[in-house]
Structures are given as structure tokens and as C-alpha cells.
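Me: I am new to this structure and would like a close look at a single part of it, explained step by step. Please take one helix and the residues around it.

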Amino acid sequence: YGLYDYLRNSIQQLELPQRKAAFIVPAFETLHYRLTFPKSKAELLSMLDMGSLYTFRYHVWPKGHAPTDYAKWRTATVPYRVAWQPDFEPYVVVRRDCPRYDQRFVGFGWNKVSHIMELDAQEYELLVLPNAFMIHMPHAPSFDISKFRLSAGYRGCLQTLREEFHQDLSRRYGAAALKYLTAERSL
């Protein structure tokens, strides 16, 4: 509730049109198909403490959203900057002229990860908004995630695309892109 207006105000107050920044909207999830959506951050925190909400994918893919720093978000009253980390895939609000998603990553796997890497390579600030949040609702697995889980060929193709993407980053950003390749190899 009120997210659209909050985002519009944040865009103006934080001068998003004049700066290279990505606003991170912290993500949560529920395992319930029916949920009384929280009307405020305080209500969300209460639901989180009671166990009816969880930080997004904490149980299956914590690396995807851990850099959001949910512990800090709980008490934050102003936007705070976070650093890129491997496999970070937050939900973001960016200017229309930001880098586009890499079209190699359609279906399941690495679309948001590669996008955040590209934003970081272009020195976008990653700013977590203290009063924004979204809740992912449960749904049946997508056709593409099923293919990913069941097909070694699909996973192999995704790995090849990831390697190509790293090479492209190296060509575009030179030595600055080495951190992405180093992070990938250490995983």
C-alpha cells in the first residue's frame, strides 16, 4: 500500500533523474496463498517476527537478496547504500535509460543477476529504500524453472551464456570487471 507514491517521492527527493542509482525494494515472501497484506513497515516487521513472512528466498537462495541487509533495513529511516555481491538479484527501480536486461538470459536463470552486475560495472549506486517492500506470493513453478531443474543441457547452456557475459563485461569494462569473474570462480 502506498508504494507507488513512496517511489515517486523517493525519485524526486533522491534526484534519481540526475544520478546513476538503482533503488532496491526489499523483497519478502509468504508460504500462504492468502495473506492480509501489511499496510506499513511496522505491520510487515510484526508479521516477519511472527513467522508469517520471510525474507525472500532465504531458505533456497539466500545469496540472491542477502546484500540488501535486512537487519539494517529493519531500523533504517533513510536510504542506505549496499555493495554488489555475487548472485545479488534484487528488485530495483531505475531510470528508463539504464542498461537493459541482457537478452541472452530469458526464461529462468541469471536475468536479474546479470542486470545488477551491469549496473554495478557502470557505477550505479545501489540504494535500499527504508520504507519500501514487496511480497512474493506462492505460485506453481514456471515452465522454465522446471526445465532448469530437469535438464542438464539447459543448465549447461546457461553456464555457457554466463561465461560469454563475463567475457563481454571484460571487453567493455576492462580490469574493473575482473571482480565479477573472480567472484564467479570462487563460488
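What is the relative accessibility of Glu164, and how does Glu164 count at that value?

Reply: Glu164 has a relative accessibility of 34% and counts as partly exposed, where buried means under 20% relative accessible area, exposed means over 50%, and partly exposed is what lies in between, computed with a 1.4 Å probe on protein chains only. Before going further, please note that this is a predicted model, in which local features need pLDDT of at least 70 and side-chain atom pairs count only at pLDDT 80 or more, while totals for chains, interfaces and linings use all residues. Residues are numbered from 1 along each chain as its sequence is written, and side-chain values use heavy atoms, with hydrogens and water left out.

A good way into the surroundings of Glu164 is its partner Arg104, since these two residues form a salt bridge whose closest N and O atoms are 3.8 Å apart; a salt bridge here is a side-chain nitrogen of Lys or Arg within 4 Å of a carboxyl oxygen of Asp or Glu. Because Glu164 lies in helix H6 and Arg104 in the loop between strand S5 (91–93) and H4, the pair ties together parts that are 60 residues apart in sequence. Helices (H or I, at least four residues) and strands (E, at least two) are DSSP runs, numbered from the N terminus.

Arg104 also meets the side chain of Asp168 in a salt bridge, with 2.7 Å from N to O. As Asp168 belongs to helix H6 and Arg104 to the loop between S5 and H4, this pair ties together parts that are 64 residues apart in sequence. Asp168, at 18% relative accessibility, counts as buried. Through shared partners, salt bridges join Asp102, Arg104, Glu164, Asp168 and Arg171 into one network. Within that network Arg104 and Asp102 are themselves bridged, their closest N and O atoms being 2.6 Å apart. Arg104, at 23% relative accessibility, counts as partly exposed, whereas Asp102 is buried with a relative accessible area of 18%. Over the whole structure, a search finds 14 salt bridges.

From the side chains we can turn to the packing of helix H6 as an element. Two packed helices are described by the angle between their axes and the distance between the axes. Helix H4 (residues 111–121) packs with helix H6 (residues 152–173) at an angle of about 10°, the axes lying 11 Å apart; axes are lines fitted to C-alpha atoms, for helices over the stretch in contact, and angles run from 0 to 180 degrees between N-to-C directions. H4 and H6 are therefore roughly parallel, given that angles under 35 degrees count as roughly parallel, over 145 as roughly antiparallel, 65 to 115 as roughly perpendicular, and the rest as oblique. On the H4 side Ser114, Met117, Glu118 and Ala121 meet Phe165, His166, Leu169, Arg172 and Tyr173 of H6, contact meaning heavy atoms within 4.5 Å. The residues of this contact of H4 with H6 divide into five nonpolar, two polar and two charged, with Ala, Val, Leu, Ile, Met, Phe, Trp, Tyr, Cys and Pro counted as nonpolar, Asp, Glu, Lys and Arg as charged, and the others, Gly among them, as polar. Ten of the eleven residues of H4 are buried, so H4 is largely enclosed by the rest of the structure.

Helix H6 has another helical partner in H5 (residues 143–150), which packs with H6 at an angle of about 95°, the axes being 5 Å apart. H5 and H6 are therefore roughly perpendicular to each other. In this contact Asp144, Lys147, Phe148, Arg149 and Leu150 of H5 meet Ala152, Tyr154, Arg155 and Leu158 of H6. By class, these residues of the contact of H5 with H6 are five nonpolar, no polar and four charged.

Two of the residues in that contact differ in burial class: Phe148, at 23% relative accessibility, counts as partly exposed, while Tyr154, at 18%, counts as buried.

Taken together, helix H6 is roughly parallel to H4 and roughly perpendicular to H5, while its residues Glu164 and Asp168 belong to a salt-bridge network that also includes Arg104.
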